[in-house]
Amino acid sequence: MSKKLILVVEDDSTIRKFICTALTTQDYEVIESSTGKEAVQNAIAKSPDVMLLDLGLEDIDGIDVIKTVRQISDLPIIVVSAREQDREKVEAFDTGADDYITKPFSIVELLARVRVALRHKENKSVDISMPEKEKEDTFSVGDLFIDYDKRKVTVSGENIHLTPIEYDILSLLARNHGKVLTHNYIIKKIWGGVIGGETKSLRVFMATIRRKIEKQPANPQYIMTEVGVGYRLNDEI
């Protein structure tokens, strides 16, 4: 089996070397980029399996790198940034990032995120919530329609672009429509229960999913919040 190729985009040489060393010790192949322009070139020419992207680059803001890469590739993009405000995370997710790690971070967390990204890329978690005999091909409620086989989501007939993690969260809720899924249950199913402190990240993911599928994200009709417990997909619209 060929090694997975990880593109590391970081202008701080110390942090970049730290990340690259950690990845190579786990038998990943690594490409380094110190600028946004170089990152885009490598994303096109090298076809990496995952991109680790710092937002605070000197030449091009990381958000613009995501926008450019998303025009030509759907490779998983994990943001690794010191920007920690929810609005900045939401902007990154809305632009096309798949995951977000806030600096400072542990290398254990980083490696876990890479494994999750690769797993989602390989579509191994499409049907993570139900046994084979209970699976359905599609789900619909109101104007929301999900085709599980195609991993396709539409609202009022319009295609909705979701990142792999966003899709798997929505799919998990839809497979269990009407049921309240706790924060810990969702985290375990989506991230494998190996990453700590994901409740806040889950909240950000839910916000981005709502922005994409809800007519009024602040007053959702599909994804309902059960305060202090978790989330539920409404099946009575």
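## Exercises on helix packing, sheets and a pocket

In this predicted model, the axes of H6 and H8 approach within 10 Å and cross at roughly 85 degrees. The exercises below start from this pair of helices.

**Exercise 1.** Classify the mutual orientation of H6 and H8, and state which residues make the contact.

*Solution.* Two packed helices are described by the angle between their axes and the distance between the axes. The crossing angle is roughly 85 degrees, and angles of 65 to 115 degrees count as roughly perpendicular, so H6 and H8 are roughly perpendicular to each other. On the H6 side the contact is made by Ile 165, Glu 166, Ile 169, Leu 170 and Leu 173, while H8 contributes Leu 202, Phe 205, Met 206, Thr 208, Ile 209, Lys 212 and Ile 213. Sorted by class, these residues comprise nine nonpolar, one polar and two charged.

**Exercise 2.** Carry out the analysis for H7 and H8, giving the crossing angle, the residues in contact and their classes.

*Solution.* The axes of helix H7 (residues 183–191) and helix H8 (residues 199–213) come within 10 Å, with a crossing angle of roughly 85 degrees, and H7 and H8 are therefore roughly perpendicular to each other. The residues that make this contact are His 183, Ile 186, Ile 187 and Trp 191 from H7, together with Thr 199, Leu 202, Phe 205 and Met 206 from H8. Their division by class is six nonpolar, two polar and no charged residues.

**Exercise 3.** Describe the sheet that contains S10, S11 and S12, and place H7 and H8 on it.

*Solution.* The three strands form an open sheet in the order S10-S12-S11, with antiparallel pairing. Strand S10 (180–182) and S11 are the edge strands, each having a single partner, so one side of each is left without a neighbour in the sheet. From one strand to the next the twist averages 30 degrees. H7 packs on this sheet by touching S10 and S12, and its direction makes about 75 degrees with that of S10, whereas H8 touches S11 and S12 and makes about 150 degrees with the direction of S11. Within the sheet, S11 (residues 223–226) and S12 (residues 230–233) pair over four bridges, with Met 224 opposite Arg 232 in S12. S11 and S12 form a hairpin with three residues between them, and Gly 228 in its turn has a positive phi of about 80 degrees.

**Exercise 4.** Determine which strands stand at the edges of the five-stranded sheet, and describe how H1 and H2 are placed.

*Solution.* This open sheet has the order S2-S1-S3-S4-S5, with parallel pairing. Strand S2 (29–33) and strand S5 (99–102) each have a single partner strand, so one side of each is left without a neighbour in the sheet. The twist averages 20 degrees from one strand to the next. Between S1 (residues 5–9) and S3 (residues 50–53) there are four bridges, and Val 8 has Leu 52 in S3 as its bridge partner. Helix H1 (residues 13–25) packs on the sheet, touching S1, S2 and S3, with its direction at about 165 degrees to that of S2. Helix H2 (residues 36–46) lies across S1, S2 and S3 and runs at about 145 degrees to S2.

**Exercise 5.** Characterise the largest pocket by its volume and its lining.

*Solution.* The space in the largest pocket is about 360 Å³. Its lining has 17 residues, and those that lie nearest its centre are Asp 74, His 161, Leu 162, Thr 163 and Pro 164. Helix H5 (107–121) and helix H6 (164–175) each supply at least two lining residues. By class, the lining consists of seven nonpolar, five polar and five charged residues.

Technical notes. Residues numbered from 1 in each chain as written. Predicted model: local features only at pLDDT ≥ 70, side-chain atom pairs only at ≥ 80, totals over all residues. Heavy atoms only, no water. 1 Å grid on protein atoms, 1.4 Å probe; cavity = no way out; pocket = protein on both sides within 12 Å on 5 of 7 lines; lining within 4 Å. Points joined across faces, edges and corners; volume = space filled by probe spheres on them. Nonpolar A, V, L, I, M, F, W, Y, C, P; charged D, E, K, R; others polar. Axes fitted to C-alpha atoms, helices over the stretch in contact; angles between N-to-C directions. Parallel < 35°, antiparallel > 145°, perpendicular 65-115°, else oblique. Contact = heavy atoms within 4.5 Å. Pairing = 2+ DSSP bridges.
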